[in-house]
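Open the model in your viewer and keep the sequence panel beside it. This tour goes stop by stop: select, look, move on.

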Amino acid sequence: PPYSLEKMTDLVAVWDVALSDGVHKIEFEHGTTSGKRVVYVDGKEEIRKEWMFKLVGKETFCVGAAKTKATINIDAVSGFAYEYTLEINGKSLKKYMESRSKTTNTWVLQLDNEDFRVVLEKDTMDVWCNGKKMETAGEFVDDGTETHFSIGNHDCYIKAVSSGKRKEGIIHTLIVDNREIAEIP
């Protein structure tokens with residue numbers, strides 16, 4: 001059964017991690033009496049260890065299409081209390097998400113009554129839509145570049161234009177069917 005009563009009592013931490021291919025749910029079970037450790041990614045069991053005598057330590061696994069490295073650290077706080085922290089690519093989840101917001105742009109939109117999440121990886125100019133890397137075509141235009149792709153029968157492109165200010169850098173705008181889509185903060 002996907003959610004037995006035993007699972008519910010040992011579930012100690014849940015994290016949502018936004019990567020280019022989507023938002024992944026990481027769940028961690030820690031049986032402090034049995035020493036059990038179970039890691040689920042998007043509801044799928046990735047690690048299961050029964051009867052661990054050492055209750056502290058770490059579990060490392062991969063998340064998402066790009067096999068991003070994730071580690072759950074298990075630390076004793078006091079007596080029988082434990083603290084669980086998630087690291088992504090060696091950084092705390094908070095630090096990882098802060099640095100990620102500088103290297104990616106994300107837009108959420110609805111087309112034909114379907115929700116889409118578009119992510120631009122600024123370092124590679126890869127475009128992801130609902131977990132799939134898109135086929136793109138780059139084009140130089142008068143004031144910058146355009147990266148063209150399609151979502152269904154909708155024409156889309158991400159326009160990259162210099163802000164003219166060094167601190168701001170390049171401004172990326174998603175255009176779908178000649179309409180500008182607001183970026184999620």
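## Stop 1: the S5–S8 sheet

Select strand S7, residues 81–88, together with S8: the two run antiparallel and are joined by two bridges. Keep in mind that this is a predicted model. Now pick Glu-87. Its bridge partner in S8 is Ser-92.

Widen the selection to the whole sheet. It is open, has four strands in the order S5-S6-S7-S8, and pairs in the antiparallel sense. Which strands stand at the edges? They are S5 (57–63) and S8 (91–92). Each has a single partner strand, so one side of each is left without a neighbour in the sheet.

While the strands are on screen, a general reminder. Strands of a sheet pair through backbone hydrogen bonds, either parallel or antiparallel.

## Stop 2: the S1–S2 hairpin

Go to S1 and S2. They form a hairpin with two residues between them. The pairing is antiparallel and runs over eight bridges. Select Leu-19 and look across: Gly-22 in S2 stands opposite.

## Stop 3: the largest nonpolar core

Show side chains for Trp-15, Ile-26, Phe-61, Ile-72 and Leu-86. These have the most contacts inside the largest nonpolar core, which has 21 residues. Colour by element next. Strands S1 (11–19), S2 (22–30), S3 (37–41), S5, S6 (68–78) and S7 each give two or more residues to this core, and so does helix H2.

Centre on Phe-61. What is it in contact with, leaving aside its neighbours within four places in sequence? The partners are Ile-26, Val-39, Val-41, Ile-47, Thr-68, Lys-69, Ala-70, Ile-72 and Leu-86.

Another core lies apart from this one. It has 16 residues, among them Trp-107, Leu-109, Phe-116 and Val-176. Select those four to find the place.

## Stop 4: the S9–S12 sheet

Select S9, S10, S11 and S12. They make an open sheet of four strands in the order S9-S10-S11-S12, with antiparallel pairing. S9 and S12 (132–133) stand at the edges, each with a single partner strand. One side of each is therefore left without a neighbour in the sheet.

Zoom in on S10 (residues 114–121) and S11 (residues 126–129). Four bridges join these antiparallel strands. Val-118 stands opposite Cys-129 in S11.

## Stop 5: the largest pocket

Turn on a surface and select Ser-20, Asn-89, Tyr-96, Arg-100 and Glu-121. Of the 18 residues lining the largest pocket, these lie nearest its centre. The volume of this pocket is about 340 Å³. Which element gives the most to the lining? Helix H2 (residues 93–103) does, with four residues. Colour the lining by class: six nonpolar, seven polar and five charged residues.

## Stop 6: the second largest pocket

Keep Arg-100 selected, since it belongs to the next lining too. Add Ala-18, Met-97, Ser-101, Thr-104, Thr-106, Arg-117, Glu-183, Ile-184 and Pro-185 to complete the lining of the second largest pocket. Its volume is about 200 Å³.

H2 and S9 (104–111) each supply at least two of the lining residues. H2 again gives the most here, with three. By class, the lining holds four nonpolar, three polar and three charged residues.

Conventions: Residues are numbered from 1 along each chain as its sequence is written. This is a predicted model: local features need pLDDT of at least 70, side-chain atom pairs count only at pLDDT 80 or more; totals for chains, interfaces and linings use all residues. Side-chain values use heavy atoms; hydrogens and water are left out. On a 1 Å grid over the protein atoms alone, a cavity is a set of points where a 1.4 Å probe fits but cannot get out, and a pocket is an open set with protein on both sides within 12 Å along at least five of seven lines; lining residues have an atom within 4 Å of a point. Grid points are joined across faces, edges and corners, and a volume is the space filled by probe spheres set on the points. Ala, Val, Leu, Ile, Met, Phe, Trp, Tyr, Cys and Pro count as nonpolar, Asp, Glu, Lys and Arg as charged, and the others, Gly among them, as polar. Two strands pair if DSSP finds at least two bridges between them. A nonpolar core is a set of buried Ala, Val, Leu, Ile, Met, Phe, Trp, Tyr and Cys residues joined through side-chain atoms within 4.5 Å. Buried means under 20% relative accessible area, exposed over 50%, partly exposed in between (1.4 Å probe, protein chains only). Contact means heavy atoms within 4.5 Å.
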